[in-house]
Amino acid sequence: TRPGPWMARDLKVSIGQYSDRGRKTINQDFHGAMIPLQPALGLKGIAVGLADGISSSAVSQIASESAVSGFLLDYYCTSDAWSVKTSAQRVIAATNSWLHAQTRRGRHRYDPDNGHICTLDIGVFKARVAHIFHIGDAHVDRLAGRQLEQLTDDHRVVVSSQETYLSRALGVNPQIEIDYRAVPLEPGDVFILATDGVHEHIPHDTLPGLVTDDLDTAARTIATAAYDRGSADNLTVQLVRIDELPDAGVDDVLGQATALPPPPLLQPRMVFDGYDIVRQVHASSRSHIYLASDQGSG
């Protein structure tokens, strides 16, 4: 049923996911999603996560599973008074500390290449905004129409054409730096999360053509294309399509207002937002009042 005038619309998304070990003997990737019921849907939003354990470690699959499943559980337990950014960053920081402590307690305490280490990408879709949290070298892209935009930067150092290494990952150090980005949502937007075993083998300009309405099939198609192009890594893809946006709430209006640049001090004969400024009526350190004429109606 369509909402009546007394019913607020909820955020509605479609999610497609696929993960496979590919040419490796074990899948060290992990992914998950949570679409809660109200009131958590309005207060906390929809969360998806994807992690990729480092291949040199025999326990990194534990790290990737802990990072994603832990986030999907703990994020919804944070205070409703906290912002998405505060809640997510505190949960990720706590997970990082736990993973680092697990390695320090093990027999590879001084060898991070064998520790509880993984990359992590989280998307929280709340109201009319996507909140992206990124650590490592997976990619988060947004497909708007047929325009593809990469929303994350790889935390990877290139030593040579044959050698690269992660410059930032979950569990390496007691503290973690988290990239954060907030992106306004539009109906029809598709967010693509993919581990490096996928995105390194799919040309950026061909990816939009692989995204179809059936998101589970599309996720499998993208991963299979990477495999066919020679990927030797695990293959994990998540797709999130924005089907319907909720009505704008107070948070959205306030967010738009604070994002606007402050207006200049106005002078007679200036034009401002469709108004001809006639003269100043009042001015103080707190407020300004002007007499103005609407350009459209006079």
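What follows is a walk through the strands, helices and salt bridges of this structure, which is a predicted model.

Let's begin with strand β4, at residues 118-126. This strand is mostly covered, with 9 of its 9 residues buried. If you follow its side chains, you will find C118, L120, I122, V124 and K126 on one side and T119, D121, G123 and F125 on the other, and both faces are covered. β4 also has partners in pairing. With strand β3 (residues 46-53) it pairs in the antiparallel sense over 8 bridges, and one place to look is G49, whose bridge partner in β4 is I122. With β5, β4 also runs antiparallel, and here 7 bridges join the two. K126 stands opposite V129 of β5. The hairpin that β4 and β5 form has 2 residues between the strands, and A127 takes a positive phi near 55° there.

Next comes helix α3, which covers residues 84-105. Its 22 residues reach 32 Å from the first C-alpha to the last, close to the 32 Å expected at 1.5 Å a residue. Which residues of α3 are buried? They are V84, S87, A88, V91, I92, T95, N96, L99, H100 and T103. If the spacing in that list catches your eye, recall that an α-helix has 3.6 residues a turn, so residues three or four places apart point the same way. As for what they pack against, the buried residues of α3 meet α1 (40-44), α2 (60-74), β4 and β5 (129-135). So the strand we started with turns up again here, as one of the elements that α3 packs against.

Between α3 and β4 there is a loop, and H116 lies in it. Is H116 buried or exposed? Its relative accessible area is 13%, which is under the 20% cut-off, so H116 counts as buried. Leaving aside residues up to four places away in sequence, H116 touches V59, I62, A63, L99, Q102, T103, L170 and G171. Two of these contacts, L99 and T103, are also among the buried residues of α3.

Further along the chain is helix α5, residues 215-228. Its 14 residues should span 20 Å at 1.5 Å a residue, and its end C-alpha atoms are 20 Å apart, which agrees. The buried residues of α5 are L215, A218, A219, I222, A223, A225 and A226. They cover an arc of only 155° around the axis, and therefore sit on the same side of α5. What they pack against is β1 (12-20), α4 (196-199) and β12 (235-244). Both ends of α5 are worth a look. At its start, a side-chain oxygen of D214 reaches to within 3.4 Å of the backbone nitrogen of D216. Just after α5, G230 takes a positive phi of about 100°.

There is another hairpin to visit, made by β6 and β7. Strand β6 (residues 139-144) and strand β7 (residues 147-150) run antiparallel and are joined by 4 bridges. D141 stands opposite Q150 in β7. This hairpin has 2 residues between the strands, and G145 takes a positive phi near 70°.

Finally, let's turn to charges. Side chains of opposite charge can pair when their charged atoms come close. A search of the whole structure finds 8 salt bridges. One of them is formed by K24 and D233, with the closest N and O atoms 3.4 Å apart. This pair links distant parts of the chain, 209 residues apart: K24 is in the loop between β1 and β2 (29-34), and D233 is in the loop between α5 and β12. K24 counts as partly exposed at 22% relative accessibility, whereas D233, at 18%, counts as buried.

The hairpin of β6 and β7 has a salt bridge to show as well. E149 pairs with R181, their closest N and O atoms being 2.9 Å apart. E149 lies in strand β7 and R181 in strand β10 (residues 179-184), so the pair ties together parts that are 32 residues apart in sequence. R142, E149 and R181 are linked in a network of salt bridges. E149 is partly exposed, at 27% relative accessible area, and R181 is partly exposed at 33%.

Strand β10 also holds D179, whose partner R168 is in the loop between β9 (164-166) and β10, 11 residues away. Their side chains meet in a salt bridge of 2.9 Å, N to O. Here D179 is partly exposed, with a relative accessible area of 25%, while R168 is buried, at 17%.

Definitions and conventions:
Residues are numbered from 1 along each chain as its sequence is written. This is a predicted model: local features need pLDDT of at least 70, side-chain atom pairs count only at pLDDT 80 or more; totals for chains, interfaces and linings use all residues. Side-chain values use heavy atoms; hydrogens and water are left out. Two strands pair if DSSP finds at least two bridges between them. The expected span of a helix is 1.5 Å times one less than its number of residues. Buried means under 20% relative accessible area, exposed over 50%, partly exposed in between (1.4 Å probe, protein chains only). Contact means heavy atoms within 4.5 Å. The arc is that of the directions from the helix axis to the C-beta atoms. A polar contact is a pair of N or O atoms within 3.5 Å; within protein, one must be able to donate a hydrogen and the other to accept it, and residues adjacent in sequence count only if both atoms are side-chain atoms. A salt bridge is a side-chain nitrogen of Lys or Arg within 4 Å of a carboxyl oxygen of Asp or Glu.
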